[in-house]
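Visitor: I should like to understand how certain labels are assigned in this structure. May I put some questions to you?

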Amino acid sequence: MIRPSYNPEMSAGNHLAQDLIVDLQAAGHSVVLVTPVSEKFTGLPEEYQDPCSVMRVKSKVSGQGVIKRILRYIDTSLSMYKVAGRLDFDLIISHSMPPLLGPFSCKLAKKKRTPHIYWEQDIVSNSIISTGMGTSNKIKQKIMFHIARMLEKYTEKHCTHIVTISKKFKQTHTDRGISDDKITVVYNWIDTNVIFPQKREKNPLFEELGLDRNDFIVSYCGNLGIPQNVEIMIDAAEKLQSLRGLTFLLIGNGSRENHILKYLDEKKLRNLRYHPLYPLSRARDVYTVGDIGLVIGKKRTSHNGFPSKMWSILAAGQAMISCFDADSELSEFVREGGCGIAVEPDSSDKLVEAIQALFHDQSRCRKCGENARKFAVEYAERAKATAQFVEIVKQAVAGICLK
């Protein structure tokens, strides 16, 4: 398995890798994980233990900015390719980020004569269109789009199977001419036995963060990157400062963390608290601290991403407000499941209206939270999803053996 991040460093998708590794091993498979570490990584904590063999690589490229980020992607992907190339294995599972991982894994699979499952968490070329990838220069965006699209085409053609996380993503591939039977939708999952509703008096985060248990809390937990337009939450908090008993909680890290912290400092809000991401072991505390959980994405983000935090929010029994494309599966789930309110993206005014609606009708908010928990158990339970993935692995290996 080759992926862009793993524990003990904190990243939004790490629990998916952890669960899949454990459940693949329970099904009789041996797993070796190859992953990069950040500039800040200095070694494993004293009592930390990996669930499988993990090979970590560190990029020689450091610093911020689009160019350095691209160079780091190249250096990291090449290093992981070299490390994985020294291993003996029967199958590769690779992630969709960094963008070179897919093509490198296809090359490696061909060299080793093994199948390759491409686990697609995002469509990078679409992401460039919707977010600009940190540059307003249209020529740079166009160049990056064409490079990303070229890499995607290569991976689509040469991988054995694509596991993607939404029906919209699958439709994108079939529209591009990829055979329907080469693509399986496996929604990102959550372990509902680990994340479940918790009474406030049992949640230590209230003391740790100095929160009032009687307050109505609106929370965002996750990545602080380009697709996540977290500024609209901050702007909503500013507009609702006069509403007594309402508190906003922002928990996150990411490429725009410094920008967000500067934006917060300029606002000097009394009703918003910030804290960096907590480790995976604190997920239940994090997702049960709020009455409302927010999922925020810039316009067209649904064309390139599907936030896995949605399932954590629902499993914890939080009402959800999604600021996401109206025609996205995420917004459809919120509406169909009665889990909360779906509003258009990029509008702090619409977010304010949704927060006010649930703040002033807290019985409705609680009902949305109950519906959310039921929806997560029915549609995103870990055991069902990972069993589907394990079966795909089994079939992929069997297919190669038959050849």
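Visitor: Where does Arg 113 lie, and why is Arg 113 called exposed?

Guide: Arg 113 lies in the loop between α3 and β4 (116–120); helices (H or I, at least four residues) and strands (E, at least two) are DSSP runs, numbered from the N terminus. Exposed means over 50% relative accessible area, buried under 20%, and partly exposed in between (1.4 Å probe, protein chains only). Arg 113 has 72% relative accessibility and therefore counts as exposed. Arg 113 also has a positive phi of about 60 degrees, although this residue is not a glycine.

Visitor: On what kind of model do these statements rest, and how are residues numbered?

Guide: This is a predicted model, in which local features need pLDDT of at least 70, side-chain atom pairs count only at pLDDT 80 or more, and totals for chains, interfaces and linings use all residues. Residues are numbered from 1 along each chain as its sequence is written, and side-chain values use heavy atoms, with hydrogens and water left out.

Visitor: What makes Asp 346 partly exposed?

Guide: The relative accessible area of Asp 346 is 35%, so this residue is partly exposed. Asp 346 is placed in the loop between β12 and α13 (348–359) and has a positive phi of about 65 degrees without being a glycine.

Visitor: How do you know that β11 and β12 pair?

Guide: Two strands pair if DSSP finds at least two bridges between them. Strands β11 (residues 319–323) and β12 (residues 340–343) have four bridges, in the parallel sense, and Met 320 stands opposite Gly 340 in β12.
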